[in-house]
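I am opening a notebook on a structure I have not looked at before. I will go through helix packing, the ligand site and a few backbone details.

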Amino acid sequence: MEKICNDRIELIKGDITTLDVDVIVNAANNSLLGGGGVDRAIHKAAGPDLYSECLELDGCKTGEAKITKGYKLKARHIIHTVGPVWHGGKNSETDLLASCYQSSLKLAKKNNLKTIAFPGISTGMYGFPKDLAALIAYNESKRFLKNNPVPEKVIFVAFDDESYEIYRKLLNR
Ligand code: ADP
């Protein structure tokens, strides 16, 4: 896997479901009962017990986050956050996406999870512009890390070359 390290922020290209970290973040939908993209890949890799636990959670609001166990994943936990659907930027999309990162990082801190990996929330089917989404992900993570010792490390997982380049430029600034 390609990899860049920058103090407590790391970038890798690949499949988030394979990572051996304390927690991976899922780009879920409001039902928390599975969808497409990374959500489907995570449910498939974690197995049916994840679905059973998600049934008990009563969904999740956009911009918020809930935690489950990781089941068959190497990752010990999954934080499910619901990103905004991009409607052109005038419906608080940027604030809601920032809130996804803040809520997820807060939950990781509360559960003393030291390594957390994020996919590009909202940048697939939800249509959020990838460069703006990466800037929000980077700024929110950097701010949180500055003010908190845990998580110790944030890993951005780029699934395609375009996303990897966008994050690489941010990390190398
Ligand atoms: P959303 O509905 O929030 O847009 P998607 O799952 O459609 O969520 O896409 C979110 C991002 O996750 C996209 O950039 C997509 O390329 C990426 N992605 C899809 N599968 C994986 C995976 N297995 N590992 C990491 N990232 C993934």
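I start with a term I need below: a crossing counts as right-handed if the near helix is turned clockwise from the far one by less than a right angle, and as left-handed if anticlockwise. I also note that this is a predicted model.

**Entry 1: α4 and α5.** I looked up how α4 sits on α5. Helix α4 covers residues 130-147, and helix α5 covers residues 161-171. Their axes are 10 Å apart, and the packing angle is about 45°. That makes α4 oblique to α5. With the term above in hand, I read the crossing of α4 past α5 as right-handed.

Next I listed the residues that meet. From α4 come Lys130, Asp131, Ala134, Leu135, Ala137 and Tyr138. From α5 come Glu162, Ser163, Ile166, Tyr167, Leu170 and Leu171. By class, I find eight nonpolar residues, one polar and three charged in this contact.

**Entry 2: α3 and α4.** I moved to the contact of α4 with α3. Here the axes come within 9 Å and cross at roughly 35°. The crossing of α3 past α4 is right-handed.

On the α3 side I noted Thr94, Leu97, Ala98, Tyr101, Gln102, Leu105, Lys106 and Lys109. They meet Leu132, Ala133, Ile136, Ala137, Glu140, Ser141, Arg143 and Phe144 in α4. The classes in the contact of α3 with α4 are nine nonpolar, three polar and four charged residues. Ala137 caught my eye, as α4 uses this residue in the contact with α3 and also in the one with α5.

**Entry 3: α1 and α2.** How are α1 and α2 turned to each other? Helix α1 (residues 37-46) and helix α2 (residues 48-55) pack at about 115°, with axes 6 Å apart. The two are therefore roughly perpendicular. Ile42, His43 and Ala46 in α1 meet Leu50, Tyr51 and Cys54 in α2. I find five nonpolar residues, one polar and no charged ones in the contact of α1 with α2.

**Entry 4: the ligand.** How many residues surround the ligand? I find 16, and the closest are Asp15, Val38, Thr123, Gly124 and Met125. Val38 falls in α1, which runs over residues 37-46.

Then I checked backbone atoms against the ligand. A backbone N or O atom of Ile16 lies 3.0 Å from a ligand nitrogen. For Ser122, a backbone N or O atom is 2.9 Å from a ligand oxygen. A polar backbone atom of Tyr126 is 3.0 Å from an oxygen atom of the ligand.

**Entry 5: backbone oddities.** Where is the cis peptide bond? It joins Val150 and Pro151, with omega about 0°. Pro151 lies in the loop between α4 and β7 (153-158).

I also stopped at Ser92. Its phi is positive, about 60°, although Ser92 is not a glycine. I place Ser92 in the loop between β5 (77-82) and α3 (93-110).

Methods. Residues are numbered from 1 along each chain as its sequence is written. This is a predicted model: local features need pLDDT of at least 70, side-chain atom pairs count only at pLDDT 80 or more; totals for chains, interfaces and linings use all residues. Side-chain values use heavy atoms; hydrogens and water are left out. Axes are lines fitted to C-alpha atoms, for helices over the stretch in contact, and angles run from 0 to 180 degrees between N-to-C directions. Helices (H or I, at least four residues) and strands (E, at least two) are DSSP runs, numbered from the N terminus. Angles under 35 degrees count as roughly parallel, over 145 as roughly antiparallel, 65 to 115 as roughly perpendicular and the rest as oblique. Contact means heavy atoms within 4.5 Å. Ala, Val, Leu, Ile, Met, Phe, Trp, Tyr, Cys and Pro count as nonpolar, Asp, Glu, Lys and Arg as charged, and the others, Gly among them, as polar. A residue is near a molecule or strand if one of its heavy atoms lies within 4 Å of it. A polar contact is a pair of N or O atoms within 3.5 Å; within protein, one must be able to donate a hydrogen and the other to accept it, and residues adjacent in sequence count only if both atoms are side-chain atoms.
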